[in-house]
Amino acid sequence: MELKKIWLNINGVDRVMVCNPEKDTLADVIRRLGLTGTKVGCGTGQCGCCNVILDGKLVRSCVVKIKSIPDFSKIITIEGIGTPTNLHPLQQAFITYGGVQCGFCTPGFIVSAYALLQGNPNPTREEVRNWFTVNRNACRCTGWKPLVDSVMEAAKVMRGEAAMADITYKAPPDGRIYGTNVPRPAALSKVTGTCDYGDDIALKMPPGTLHLAVVMPGLNHARIKGIDFSEAENMPGVVKVITAKDIKGTNRIFQLAGHPRFKGDAWDRPILCDEKVFRYGDVVAMVAATTREQAREAAKKVKLDLEELPAYMTYLDAVAPGAVEIHEGKPNEYLRCPLFKGEDTRKTLADAEHVVEGSF
Ligand code: FES
Ligand code: FES
């Protein structure tokens with residue numbers, strides 16, 4: 001592996017680092033510097049979590065190879081836009097107008113909006129939406145409205161038409177929280193990129209911490225007849241292959257069963273699958289190894305003996321006569337909720353300006 005020294009100007013400071021130019025992406029390098037506000041969600045250029053500004057242009061840093069970047073390129077990350085004690089209007093607006101929920105996408109959205117407002121300080125709502133769409137910013141939590149609201153309100157401050165105080169949440173005098181837009185408690189860390197998620201914590205663990213890779217069969221429904229990890233446990237760097245037999249105590253996750261109509265017993269979800277695979281993402285084993293690459297290579301060598309069972313991809317398939325029980329001894333129905341209907345809506349519908357019909 002040939003390593004190369006490179007210089008980059010990151011958030012106004014020249015930084016030198018040693019990289020593998022063939023393998024490292026811009027996101028890898030930024031994150032290794034400890035700037036973990038740049039998140040990697042998909043790693044394939046699809047979600048915008050890793051957005052940074054490279055020489056004035058918005059890029060998805062997970063797909064920019066470090067070898068393609070000239071020395072002393074200028075990079076702005078979320079940490080260069082504002083800090084917890086000196087927020088940028090976009091960061092304040094995302095807090096106030098509900099642009100943050102889980103927050104994983106938030107730094108990418110704020111960097112993206114920052115780039116938009118640099119070029120277009122007075123966008124329409126449509127232009128904001130379009131910008132996020134074209135730049136592939138994806139958020140699975142908020143819906144689009146709070147994100148667009150946040151950008152529109154921040155833009156007013158940036159144009160000098162409003163002050164930071166105008167876009168900062170003010171608690172009602174009676175101290176009430178219910179019915180207000182009180183910011184989420186962790187919003188500040190999420191808008192500044194200082195909130196640590198799994199991969200961020202991994203980068204901050206002490207030397208010698210082992211890496212885990214999961215073994216997933218990739219089937220929707222199957223019976224586990226055997227797991228052979230003899231080859232995997234002899235792979236370089238592997239410390240242990242963990243299966244359900246290693247789980248101390250009950251290999252079940254107790255799930256919510258408080259609903260009076262719930263039909264299971266709440267003990268049907270395994271931590272690591274032991275007898276059956278119930279859905280596509282189920283995990284049957286984990287490999288602990290010295291490096292992430294070693295763990296992932298060894299995980300590929302775990303051999304599973306599986307009997308594939310029928311997969312029900314819709315409710316109707318799952319409850320059709322003759323369908324096998326997914327959790328044996330329990331119906332393929334989680335719970336049944338009655339539908340209470342109000343007054344006959346046919347007259348109201350007849351008067352409505354627009355009527356949409358469909359199956360939802
Ligand atoms: S992590 Fe880069 S686009 Fe998704
Ligand atoms: S806030 Fe969760 S993905 Fe956007």
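Let's start on the outside of this predicted model. M1, L3 and V18 come together to make a nonpolar surface patch of about 370 Å². Follow the chain back to M1 and you'll find it in the segment before β1, the strand that covers 4-10. Is M1 buried or exposed? With a relative accessible area of 81%, M1 is exposed, because anything over 50% counts that way.

Now for the pockets. The largest pocket holds about 950 Å³ of space. It is lined by 29 residues, and D199, L203, H211, R292 and E293 are the ones closest to its centre. Which parts of the fold supply this lining? At least two residues each come from α1 (26-32), α7 (198-203), β6 (211-215) and α9 (292-300). Of these, α7 is worth a look in the viewer: it gives the largest share of the lining, five residues. As for chemistry, the lining of the largest pocket is a mix, with eleven nonpolar, ten charged and eight polar residues.

Next, move on to the second largest pocket, where about 590 Å³ of space is found. Which residues should you click on to find its centre? Try F278, I326, H327, N332 and Y334, which lie nearest the centre among the 27 residues that line this second largest pocket. Sorted by class, its lining has 13 nonpolar residues, along with seven polar and seven charged ones.

Note on methods. Residues numbered from 1 in each chain as written. Chains lettered and ligands numbered in written order. Predicted model: local features only at pLDDT ≥ 70, side-chain atom pairs only at ≥ 80, totals over all residues. Heavy atoms only, no water. Patch = residues over 30% accessible without salt bridge, like charges linked within 9 Å, V, L, I, M, F, W, Y side chains within 5 Å. Areas by Shrake-Rupley, 256 points an atom, 1.4 Å probe, with all protein chains shown as cover. Salt bridge = Lys/Arg side-chain N within 4 Å of Asp/Glu carboxyl O. Helix = DSSP H or I, 4+ residues; strand = E, 2+ residues; numbered from the N terminus. Buried < 20%, exposed > 50% of the residue type's maximum accessible area, 1.4 Å probe, protein only. 1 Å grid on protein atoms, 1.4 Å probe; cavity = no way out; pocket = protein on both sides within 12 Å on 5 of 7 lines; lining within 4 Å. Points joined across faces, edges and corners; volume = space filled by probe spheres on them. Nonpolar A, V, L, I, M, F, W, Y, C, P; charged D, E, K, R; others polar.
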